[in-house]
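Reader: Could you take me through one part of this model closely, with the cut-offs stated as you go?

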Amino acid sequence: MIGSVRDVSALKTAENALRDREALLTKVFQVVPDTLAIIRMSDGSFIDVNGNWEPLTGFTREEAIGRRSDALNLWSQPDQRNALFARVEREGRVHGADITLRHKAGHAINCRISVERFDAAKENYLLLSAQNITEEIATEQARQLAEVALRESEFKFSSIFNLSPVPLSLMRENDSTLIDVNDAWLAQYGFAKNEVIGATSLDLNIWCDLVNRQKLFNQLRQHKNVDQFECTQRHRLGHSLICMVSARLFHLGNASCFIVSSVNITRQREIEEEIWKMNLDLEERVRLRTLSLEHSNTELAQTFESLKRATEELVRSEKMAALGSLVAGIAHELNTPIGNSVTVASTLQEQTRQVQSDVNNGALKRSGLNRYLDDASTGTALLMRSLGNARELISSFKQVAVDQSSDQRRRFNLSQTIEEVVVTLAPMFKKTPYSLVLDLSPGIELDSYPGPLGQIITNLVGNALSHAFEGRATGTMRLRTRKLDGIQVEIIFSDDGIGIPEANQHRVFDPFFTTKLGQGGSGLGMNIVYNLVTTVLGGDIRLQSRIDDGTSMILHIPLSAPQHFAAVAGTA
């Protein structure tokens, strides 16, 4: 047996030291705060990743080792990967490159990476170090936005300050020196800017009353603001300015400053003084004018009262004239039936006297008696018919006359009342080529004033006969009624006459307006209609008219007249 013995203690010691170093390096690799990965350059696969890999990318160590980054879809922008590896091939390292990775969950991760190429065991490797800079980028963006907002705010303040039409100044709190003033301030006080900056209001001799200046600054330091402090200041040329001063305390960097506005109200006070003097003069003029107006009003009241009495008298005259015309027409109409009745009665009286004579003389024959009886029967029939017509005329006239003279409120049937009125109006148009057609809805009951309603119809018919058919050989008037709802009735009086010119339509209801002045027209007829409809009956009336196409008067009146018009009805 042949054997050899060699001392390997040094080798074992070296191997143990190597293992210890590898364990140390492995431990360091895992606990480094950055995310680390080792990539084989030959195939681009991950050899190892440290413990920060999964929190950054979402992939576990087992999912990453042996796979390429593009297989993991790790790059949000693949062009960045290609550019990065090309730069490493060219330069051997990359430091502090900002890239965007894709998390396993799909969202983007902003990273700053460094790559170092190294050789080991005849292979080329890359050591990749990555830091998540998403919060850093967000912080930087917020800082940049804040800087932009600050610059914009400063620009806006500077623009507003310099372009404001109100005189503004900035001064330090501790020594009251002026930091800045705007153009309006310079124009108001007459200074140049280089004369103002760094000086105080005392240096510029702006204050006329130093007590007021001290009072202003005391209030400002005590309350941090002053509003509408009126004081007298001085222009550079020496003349006084009445100013309204307001101020606020604010912080500019580390310094406390006042921003002060000083508005020149000198002209305003002058105007107020002028207004005060004018008011005194105006009050005196008003007093004198009031005395004059009181005297004029007294005279006007007397004149108005006289005019009112004259108008009432004209209205009464108009009503009496209408009633007189009604009486004349009825008298004419009654003449025929009463005349016929008298003729028949006288004939019957003569024949009766003859029969009595024949009876007394014994000369009465059957044929004579039969003839007398036939004549008596015919005569009495004619007499009853004529007297019946007269009775109807008298009855209608009596009701209409009572209504128009008393103006009493009562319940009545609308169609019956209108028919009675029309009967009394028949003489007005019976012997003319013009006719009146009625279209009355039955069963309409009103609690109102039949007298004013009859006067309205009388005036409408009379007005149409006087004006509507001038130059016309024939014409038709129509009177229609219908129930609108449970509380109103519509009455439409229309004609197919010449119409009313548009220029006159708005004046139709005016008092004393007539197109036949001096020809018998008073101009009160349609005004009376308007007043009766709107006041007594509590309704409304409107006019529709076209030239050569006739005129319509449309009345809407309530089924029950308003109670508060009862007093008016007695004087309508």
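Author: What follows looks at two asparagines in loops, then at a surface patch and at the confidence of the model.

This is a predicted model, in which local features need pLDDT of at least 70 and side-chain atom pairs count only at pLDDT 80 or more, while totals for chains, interfaces and linings use all residues. Residues are numbered from 1 along each chain as its sequence is written, and side-chain values use heavy atoms, with hydrogens and water left out.

Asparagine 73 lies in the loop between helix H3 (61-64) and helix H4 (78-91), where helices are DSSP runs of H or I with at least four residues and strands are runs of E with at least two, numbered from the N terminus. Although asparagine 73 is not a glycine, its phi is positive, at about 55°, and with a relative accessibility of 45% the residue counts as partly exposed, a class between buried (under 20%) and exposed (over 50%), for a 1.4 Å probe and protein chains only.

Asparagine 205, in the loop between helix H7 (193-196) and helix H8 (210-223), also has a positive phi, near 55°, and is partly exposed at a relative accessible area of 45%.

Valine 359, placed in helix H9 (residues 266-361), is partly exposed at 49%.

As for confidence, pLDDT (the predictor's confidence in each residue, from 0 to 100) averages 82 over the protein chain, with 84% of the residues scoring at least 70. Among the elements, strand S15 (residues 488-495) has the highest mean, 96, and helix H15 (residues 566-569) the lowest, 46. Where pLDDT is low, the predicted coordinates should not be read in detail.
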